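Got the viewer open? Here is a tour to follow one selection at a time.

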Amino acid sequence: MSTKQELEKKLDLIFEYMISVRHQGNWGMDIHHWDWVPGVGVISLMEYGTATGADKVIDYLLLWVNRNKRKAEGVRVINSLAPYALFPGLYRLTGDTWFLSKAQEIAAWMLETAPRTREGALEHTVTEAVDFPEQVWADTVYMAVLFLARLAGLTGDRGLAEAALQQTLLHLRLLQDPATGLLFHGWNCRDGSHMSAARWARANAWITLAVPGIVAETSRVVAVPEELSSRYRTLASALRQVQGENGLWHTVLDRPDYYQETSASAGIACGFLKAVKGGLLDDSFLENAGKALEGILPLIREDGEVQGVSGGTPVMPSIEAYNAIERYPALYGQGLVMQLLTEALNHPHLQHPQQTVPLNSEGKGGRRP
């Protein structure tokens, strides 16, 4: 287990790696554009900055928004809404009404204009020149619904809270495999199928991580359906069954012959920690989160780069295609690991005290057995 000091050091290294100017033009690591990749990155920075009181992180986020907000004025798609999840928190910190008014504008677009499937779920739209008509992806819950819930928690708006819970529950109903409890990556409403039917790890991570926050924010305003909580517990129990011996999860959860993936493992473990804290899961899940944490720490290089992160992944044409996705550093991988380490700071039992080496009879540090 790691000490608090070790976690804090790794968090600072990850932060510095994420904001380095040397990543300019690198799709996975360039933080200065407005889409889901930097969006997950800045959401994670916000979690880190507020949890640790790191003013330099919050100052950086304010500069980031000011520098990049004009890039958000193009075509609106669900997958590019992730950065707006910062806005309720930044409004609380600064009192700047621009954050609130812009967040309300985006929420109104989501509820009134964003395309939906025939079941009423938000269609997963992206900035790339490709369409996924009437497709539901797990990613949407993190990239868009989390923002809606946070705004509801800030404003006390019942309509926003009910919409966030409705979307979360719709996604769980459409994506959860009744046989295993795990989530499929996507659902095609036109042909009524899960397409390749892959139980993709990062899809499961997006929802495992998002739901505790969505529940925490919306429960201040409206009652959370028991079905949502029950489905979440079923998902978490299923994930525990397919966790690897070293604490990590495979990129396709039920394929132990496929490679293990860092960002999904971090997201799932962090979700467990948040869910235990929020009362969605019992304390036994802390052991699984701690095991994942110990498996992930060696994957953080001395320069702060997180290794073992798979690239951007649409719903692939076959399950086998998921195992061929390239791995490289990406802001969402950095960010999900950052969130796990940040959450671990709030769980002292996941840390051990700084070890001291006992003195031998000569008054020198003895060799630890």
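**First stop: a buried threonine**

Select Thr-262, which is buried, with a relative accessible area of 1%. (Buried means under 20% relative accessible area, exposed over 50% and partly exposed in between, using a 1.4 Å probe and protein chains only.) What you're looking at is a predicted model, where local features need pLDDT of at least 70 and side-chain atom pairs count only at pLDDT 80 or more, while totals for chains, interfaces and linings use all residues. Residues are numbered from 1 along each chain as its sequence is written, and side-chain values use heavy atoms, with hydrogens and water left out.

Thr-262 sits in helix H10. (Helices are DSSP runs of H or I with at least four residues, strands are runs of E with at least two, and both are numbered from the N terminus.) Show what surrounds Thr-262: leaving out residues up to four places away in sequence, it touches Ile-296, Leu-299, Val-306, Gln-307, Gly-308, Val-309 and Val-337. (Contact means heavy atoms within 4.5 Å.)

Now select Gly-278, also found in helix H10. Is Gly-278 buried or exposed? Gly-278 is exposed, with a relative accessible area of 62%. Draw a distance from its C-alpha atom to that of Gly-213: you should get 8.6 Å, for two residues 65 apart along the chain.

**Zoom out**

Show the whole chain as a cartoon and you'll find 13 helices and two strands. The C-alpha atoms fill a box of roughly 75 × 50 × 40 Å along the principal axes. For 369 residues, a compact globule would have a radius of gyration near 21 Å, and the protein agrees with that at 20 Å. (That radius is taken over C-alpha atoms, and the globule rule is 2.2 Å times the number of residues to the power 0.38.) Colour by burial and 59% of the 369 residues come up as buried. Of the contacts between residues at least 6 apart in sequence, 71% join residues at least 24 apart.

**Into the core**

In soluble globular proteins, nonpolar side chains tend to be buried together. Here the largest nonpolar core has 136 residues, and the ones touching the most other members are Leu-45, Tyr-142, Phe-147, Ile-207, Phe-272 and Leu-341. H6 gives this core its largest share, 11 residues. (A nonpolar core is a set of buried Ala, Val, Leu, Ile, Met, Phe, Trp, Tyr and Cys residues joined through side-chain atoms within 4.5 Å.)

Pick Leu-341 next. Apart from neighbours within four places in sequence, Leu-341 is in contact with Leu-7, Lys-10, Leu-11, Ile-14, Leu-293, Leu-297 and Ile-300.

Then jump to Leu-239 in helix H9, residues 226-241. Leu-239 is buried, with a relative accessible area of 0%. Setting aside residues up to four places away, Leu-239 touches Leu-182, Asn-204, Thr-208, Trp-249, Leu-253, Ile-268 and Phe-272. The C-alpha atoms of Leu-239 and Trp-249 are 8.5 Å apart, with their positions 10 residues apart along the chain.

**The pockets**

Time for a surface view. The largest pocket has a volume of about 730 Å³. (On a 1 Å grid over the protein atoms alone, a pocket is an open set of points with protein on both sides within 12 Å along at least five of seven lines, a cavity is a set where a 1.4 Å probe fits but cannot get out, and lining residues have an atom within 4 Å of a point. Grid points are joined across faces, edges and corners, and a volume is the space filled by probe spheres set on the points.)

Which residues lie nearest the centre of the largest pocket? Select Glu-47, Arg-150, Gly-213, Glu-217 and Lys-274, out of 31 lining residues. H8 gives the most to this lining, with seven residues.

The second largest pocket has a volume of about 200 Å³. Of its 16 lining residues, Trp-36, Asn-79, Trp-137, Thr-313 and Pro-314 are the closest to its centre. H6 and H8 are the elements that give two or more residues to that lining.

**Last stop: a closed space**

The largest cavity has a volume of about 30 Å³. To find it, select its lining: Trp-34, Lys-69, Ala-72, Glu-73, Tyr-84, Phe-87, Trp-98 and Lys-102.

Phe-87 is one of the buried residues of H4, along with Pro-88, Gly-89 and Leu-90. The elements covering them include H2, H3, H5 and H6. Finish at Gly-95, which follows H4 and has a positive phi, near 75°.
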